[in-house]
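Q: Walk me through one part of this model in detail: the charged side chains that pair up. I'd like to know who pairs with whom, how buried the partners are, and what surrounds that picture.

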Amino acid sequence: MTCVHSFFQGCFVFKPSSKKRKTRSLGETCVNPKSKNITWIYVLLEVLQEELNKKILDSLLDFAKKCSTTRQHCDWASKMRANEIPTAALVLGVNVPDHDMTFQSLFDLLKHSVTPHVVSVQAKECGVLKHLLKRVLEGLMDVAVDDDDEEEMEQNPRSVHCSLSTLSDWYTAKTKKSSSATPGKKRNVQDEDEHHHHHQTPPVVIIFKDLEGFNPRVLQDFISICSRYIDRLPLMFIFGIATSPSTVQHMLPHSVSSLLCIELFQSLSCTQHLATVIDKLILTAQFPFKLNGKVMQVLISIFLYHDFSVRNFIKGLQLALLEHFHSQPLSILCCKKKEALLNVTLLSGRDLETVRQLPSFIRFVEKQEAGEQVKLMTDDDHLKEACQKLIKDLRKYHKSYYPVLRCLHTLTSLLPRYPLGKQIRELHLICLEKNVWENEDYQSAMKLLKMLAKDELITSLRKCSEILSSAKSKKMKKAFTELDELLAKFKHLDVQEEPESVTSPIRNLQQQKKTDLFQLQKTLLEMNESRRSKKKSPFELLRNEVVEFIDGLVTCHLPPPESQTLYEVCYYSSSATVRRHLNATPRTSIQTALSSPCFYLQNESLKNEDGTVSNSAPDICIAYKLHLECGRLINLYDWLEAYATVVSAAEGQDPDCDTFGKVDDVKHARFIRSVSELEFLGFIKSTRQKTDHVARLTWGGC
């Protein structure tokens, strides 16, 4: 508060008393650390999402530039191809939800780097040739295109005729206007050629987003027409293919496909994209936010069984991120190490009480001595020091967890039948649920590792050495040194080995087309008996030592996250919330709206007891509640009579009146509309058994 006594005396500032200050929690400060963390993580997610298709988009960009440059050359090969339309067949796979984002990125890149003349068309807008031509001309020329209608031409004088000759004339005028423009500054020869290439004769690119959806006849006619203008229009096509490259051969006969110079571009599969996302966002210690096993299983299940969309997977990860920072007060510690340690010192008393109530912290306190327990539960300063140490331990756990996880996957992914999963995400889910070394499949994998051949084992160990060498943890550096010593022993192993000890029984199993579980167990038992009956060779002893070394790393560094104190700070665990938001059930929402319309309409007059029909409810709700009282077949006349009775009561008619419950034309029309809506929603259908009946399709409480 500032007080001014007079113009000459100046200003005097009176500071408020420190006793009046109120301590606010860290989450209530003006600059909320949560928003900073969310912004940082969101930026990382968006950057990764843009990089998913970067390689394939850059290849398409180079193809467009190369085709445009080839037109400027005068060699025989380019003349031979002058009559062909350069076409890029882009195979994206079946993850349809991601296609729009990919084509939008491609559209923007082409417009920014190659040509301003780019248009994208979809099959649903181009049922006939005239519509396809119209969409192309409107997208390129940015004008209205008439449909050979004189009245439309009179109403809109700026509209143009729907033909490629119109586009050719427009392009010629456009390029002449561009070439006549005076450059603003001097250029060298190379820059002048590039300017001539990009600004005088830029290609005209037409993107067909969903090639399979186009009418083959329309596509054939369009390509044939375009080939006649190729000397005046530098056309280029991009076909978006979701199934197989052979789609082009099936849709276009040889007479049409010969007019195209097709180059194939194969995008990575959606599962490979998912592996990239999981590798960079989840299986890394640099990303502080984590998912527990159930939440990750929900996201992967939605991806594999619903949409194959990597974009939706990232959106689900973003949803879990927001829910975690919104619902968990201690998520302010889910950030980089230095910021997390600083935020611990700023925790308020209420935040520290939240820490004391965490299940993982309670287990930690129970393991301490009596004096330490009292300090942790009563002394806030001591608790902050303990939290800082626990946060550091959690960071060390993650720095050791992921390298060991990758090493274990490298070794077990070579084994037959993949006992711990073919993908690393499967092994990660196993490790998130419980101690992986207690799993029967893990024990089986360790037995199979003891039967690997020397070359297979050394190749896998070298990959593990590369993984451990890049780790920054001190424990991992020590493990890297030990593994290098084991590899050195293999190099200096100079013992005459019998062929039986060199060859691997695993290879024999892999060579068989089908290996059932009984045969695998039988082979393992036979190998165990044979090993017991003879003395082990130096290689076998060293191989067992390697397996014990790997087993020790797994036991030490791969316990589940729930075993770590304060894991709740970084791990989001509400799988039900994620499933409810991402895997919605519209049928449940529809049934709720029909049985309890007050739930969505927020109208108190619509509230009713369970099992009763409110006479003031919408018509479809009344018809729905009445149809629940019927059996498999519903008599339409009885249904109509019951509906008219309920509606008459809603209109305030006297039950003793002769007209009460009578069906007039208005009520009949309202009833027919309600029945039609229920049939559209899938609750009833017409039946041939009785003409005046409909069949009910839902049962129970539906």
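A: Here's a walk through the charge pairs, followed by the rings and the overall setting.

Keep in mind that this is a predicted model. Searching the whole structure turns up 12 salt bridges. As background, side chains with opposite charges can pair when their charged atoms come close.

A good place to start is R356, with E353 as a salt-bridge partner at 2.8 Å between the closest N and O atoms. This one stays inside a helix: E353 and R356 both belong to helix 16 (residues 349–356), and they sit three residues apart, about one turn of the helix. The two ends have different surroundings. R356 counts as buried because its relative accessibility is 5%, under the 20% cut-off. E353, at 39%, counts as partly exposed because that value falls between 20% and 50%.

R356 also meets D380 in a salt bridge, again with an N to O distance of 2.8 Å. Here the link reaches distant parts of the chain, since R356 is in helix 16 while D380 is in helix 19 (residues 380–412), 24 residues apart. D380 comes out as partly exposed, at 31% relative accessibility.

Now for a pair elsewhere in the chain: D619 and R673 form a salt bridge, with 3.7 Å between their closest N and O atoms. D619 is in helix 31 (residues 619–627) and R673 is in helix 33 (residues 665–681), so this pair ties together parts 54 residues apart in sequence. D619 is a buried residue, with a relative accessible area of 11%. Back at the earlier trio, E353, R356 and D380 are joined into one network by salt bridges that share partners.

One arginine plays a ring game instead: R587 lies over the face of F683, 4.6 Å from the ring centre.

That brings us to the aromatics, where the structure holds 16 pairs. One of them is Y401 with Y402, an edge-to-face pair at 5.0 Å centre to centre with 90° between the planes. Y401 and Y402 are both buried. There is also a cluster, with ring pairs linking F208, F214, F222, F237 and F239.

For a helix to look at, try helix 27 (residues 538–557), which has 20 residues and spans 29 Å from first to last C-alpha, close to the 28 Å expected. Its buried residues include charged ones as well as hydrophobic ones: among them are E540, R543, L542, V546, F549 and I550.

Finally, the overall setting. The protein has 33 helices and 12 strands, and 44% of its 702 residues count as buried. Of the contacts with a separation of 6 or more, 73% involve residues 24 or more positions apart. About 39,100 Å² is exposed, with carbon and sulfur atoms supplying 52% of that area.

How values were computed:
Residues are numbered from 1 along each chain as its sequence is written. This is a predicted model: local features need pLDDT of at least 70, side-chain atom pairs count only at pLDDT 80 or more; totals for chains, interfaces and linings use all residues. Side-chain values use heavy atoms; hydrogens and water are left out. A salt bridge is a side-chain nitrogen of Lys or Arg within 4 Å of a carboxyl oxygen of Asp or Glu. Helices (H or I, at least four residues) and strands (E, at least two) are DSSP runs, numbered from the N terminus. Buried means under 20% relative accessible area, exposed over 50%, partly exposed in between (1.4 Å probe, protein chains only). Rings of Phe, Tyr and Trp (its six-membered ring) pair if their centres lie within 6.5 Å; planes under 30 degrees apart count as stacked, over 60 as edge-to-face and the rest as tilted. A charge sits over a ring if NZ of Lys or CZ of Arg is within 6 Å of the ring centre and within 35 degrees of the ring normal. Contact means heavy atoms within 4.5 Å. Accessible areas come from the Shrake-Rupley method with a 1.4 Å probe; for residues, only the protein chains shown count as cover. The expected span of a helix is 1.5 Å times one less than its number of residues.
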